[in-house]
Amino acid sequence: MIKNAVASLMVRLHHLPLPRAPPASTYRHHHALRLPRPASASVRPAAAMSTTAEQAVADQKRALRTEVRRALKALSPDQRASEDLAIQTTILNSSWFKASKRLCAYISCYQLREVDTSKILAECLPSNPGQEELTKDLYVPRVEDKNRNMRMLKITTMDDLVKNSMNILEPSPVDASGNDREDVLTASSPVDLFLLPGQAFDRTGRRLGRGGGYYDTFLLKYQELTKEKEWKQPLLVALSYSAQIMEEGVIPVNSTDVPIDALVSSSGVIPISPAALERMK
Ligand SMILES: Nc1nc2c(c(=O)[nH]1)N(C=O)[C@@H](CNc1ccc(C(=O)N[C@@H](CCC(=O)O)C(=O)O)cc1)CN2
Ligand SMILES: Nc1ncnc2c1ncn2[C@@H]1O[C@H](COP(=O)(O)OP(=O)(O)OP(=O)(O)O)[C@@H](O)[C@H]1O
């Protein structure tokens with residue numbers, strides 16, 4: 001029944017000429033790619049075998065990123081604008097977004113052909129002084145190094161952002177008064193929602209990023225913190241153009257890939273996990 005409901009929400013599934021992993025529901029058995037174990041260490045060392053399997057997944061991911069990049073380049077500005085508007089309108093009108101108090105979101109980069117988040121960010125931040133109580137706490141990514149270290153820092157205005165070397169807007173570590181910005185990992189209360197970027201997604205919850213491992217590393221850390229503190233897990237929602245939604249099994253995954261709870265495209269919301277089905281009904 002869920003599958004039918006999900007299928008009816010999908011307008012277009014893009015078929016890519018790539019090697020397929022066996023279809024698997026990300027939620028039922030997340031680690032879809034089980035690394036083969038050698039019968040005996042003398043035949044083939046386990047480390048070597050896992051390296052080979054991991055390398056195959058990494059190669060497939062790279063090939064898929066190239067395909068998606070090409071598909072996104074082919075989108076006309078009008079097509080993008082119409083999907084950007086539909087996706088943001090869906091989110092802004094949703095009960096789960098309206099109810100969220102604290103969120104982590106990405107600052108979209110037009111050149112990287114990411115789904116626009118500007119209207120959503122504007123809705124989170126106070127438009128005029130004195131309206132702070134109507135707003136949400138907003139944390140946005142800042143890359144610290146090439147070693148998968150990314151922080152999510154609190155901003156209160158778009159003026160808190162500066163362009164980094166990758167041409168992406170991100171917060172400076174200190175605010176205008178010289179104070180450290182609040183880091184979501186040391187904040188005293190939990191975020192309830194993540195709005196995630198990515199290169200490709202599917203309706204079982206798989207997400208392919210840009211290859212830096214920044215989000216997967218961060219999400220794992222945040223989920224561990226949430227467990228430790230006995231907080232409710234945040235809802236992980238990705239924003240996707242239709243061309244980025246893959247058929248089941250096309251996206252290769254490994255054990256460090258964190259599955260998403262839901263996907264928003266121009267055709268609407270696709271809830272995936274039990275938590276999403278509960279919070280998004
Ligand atoms: N808006 C936004 N902010 C984000 C991310 C993101 O994906 N989107 N990140 C998520 O990790 C982190 C930054 N990571 C990034 C990783 C790669 C590229 C990039 O320009 N990649 C090129 C290919 C570069 C290459 O192949 O050498 C590309 O994808 O076309 C940008 C940001 C944190 N902030
Ligand atoms: N939690 C983690 N711990 C250690 N290594 C990780 C973790 N998450 C990802 N990596 C490593 O980072 C590299 C990039 O991973 P992957 O290709 O899955 O990133 P991605 O999903 O495209 O990027 P992102 O998560 O930033 O959106 C891989 O070598 C992967 O093994």
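The chat below goes through two ligand sites and three residues of a predicted model.

Me: Before we start, what are the ground rules for this model?
Reply: The model is predicted, so local features need pLDDT of at least 70 and side-chain atom pairs count only at pLDDT 80 or more, while totals for chains, interfaces and linings use all residues. Residues are numbered from 1 along each chain as its sequence is written, chains are lettered from A and ligands numbered from 1 in the order in which they are written, and side-chain values use heavy atoms, with hydrogens and water left out.

Me: OK, ligand 2 then. Which residues come nearest?
Reply: Lys-61, Arg-65, Arg-207, Gly-211 and Tyr-214 come nearest, out of 16 residues around ligand 2, where a residue counts as near if one of its heavy atoms lies within 4 Å of the molecule.

Me: And what are the polar distances to Lys-61, Arg-207 and Tyr-214?
Reply: An oxygen atom of ligand 2 is 2.7 Å from an N or O atom in the side chain of Lys-61, and for the side chain of Arg-207 the corresponding distance is 2.6 Å. With Tyr-214 the partner is a polar backbone atom, 2.7 Å from an oxygen atom of the ligand. The protein buries 77% of the 640 Å² that ligand 2 exposes when taken alone, areas being computed by the Shrake-Rupley method with a 1.4 Å probe.

Me: Which element gives the largest share of that shell?
Reply: Helix α6 does, with five residues, and both α2 (46-73) and α6 supply at least two residues each; helices here are DSSP runs of H or I with at least four residues, strands are runs of E with at least two, and both are numbered from the N terminus.

Me: Switching to ligand 1, how many residues surround it?
Reply: There are 14, and the closest are Arg-69, Ile-107, Glu-114, Ile-168 and Arg-210.

Me: What about atom-level distances to Ile-107, Glu-114 and Arg-210?
Reply: A nitrogen atom of ligand 1 lies 2.8 Å from a backbone N or O atom of Ile-107, and a nitrogen atom of the ligand is 2.6 Å from an N or O atom in the side chain of Glu-114. On the Arg-210 side, an oxygen atom of ligand 1 is 2.6 Å from a side-chain N or O atom. Of the 690 Å² of accessible area that ligand 1 has on its own, the protein covers 71%, and the elements giving two or more residues to its shell are β2 (137-143) and α6.

Me: Back to α6. Is Thr-226 buried or exposed?
Reply: Thr-226, which lies in helix α6 (residues 214-229), is buried, with a relative accessible area of 0%; buried means under 20%, exposed over 50%, and partly exposed in between, with a 1.4 Å probe and protein chains only.

Me: What does its side chain reach?
Reply: The side chain of Thr-226 reaches the backbone oxygen of Tyr-222 at 2.7 Å. Beyond neighbours within four places in sequence, Thr-226 is in contact (heavy atoms within 4.5 Å) with Trp-231, Lys-232, Gln-233 and Pro-234.

Me: And where is Ser-265?
Reply: Ser-265 is in strand β11 (residues 262-265) and is buried at a relative accessible area of 2%. Apart from neighbours within four places in sequence, Ser-265 is in contact with Ile-87, Ser-240 and Ile-245.

Me: Last one, where does Asp-159 sit?
Reply: Asp-159 has its place in the loop between β3 (150-155) and β4 (161-163) and is exposed, with a relative accessible area of 71%. Its C-alpha atom is separated by 8.9 Å from that of Pro-171, 12 residues apart along the chain.

Notes:
A polar contact is a pair of N or O atoms within 3.5 Å; within protein, one must be able to donate a hydrogen and the other to accept it, and residues adjacent in sequence count only if both atoms are side-chain atoms.
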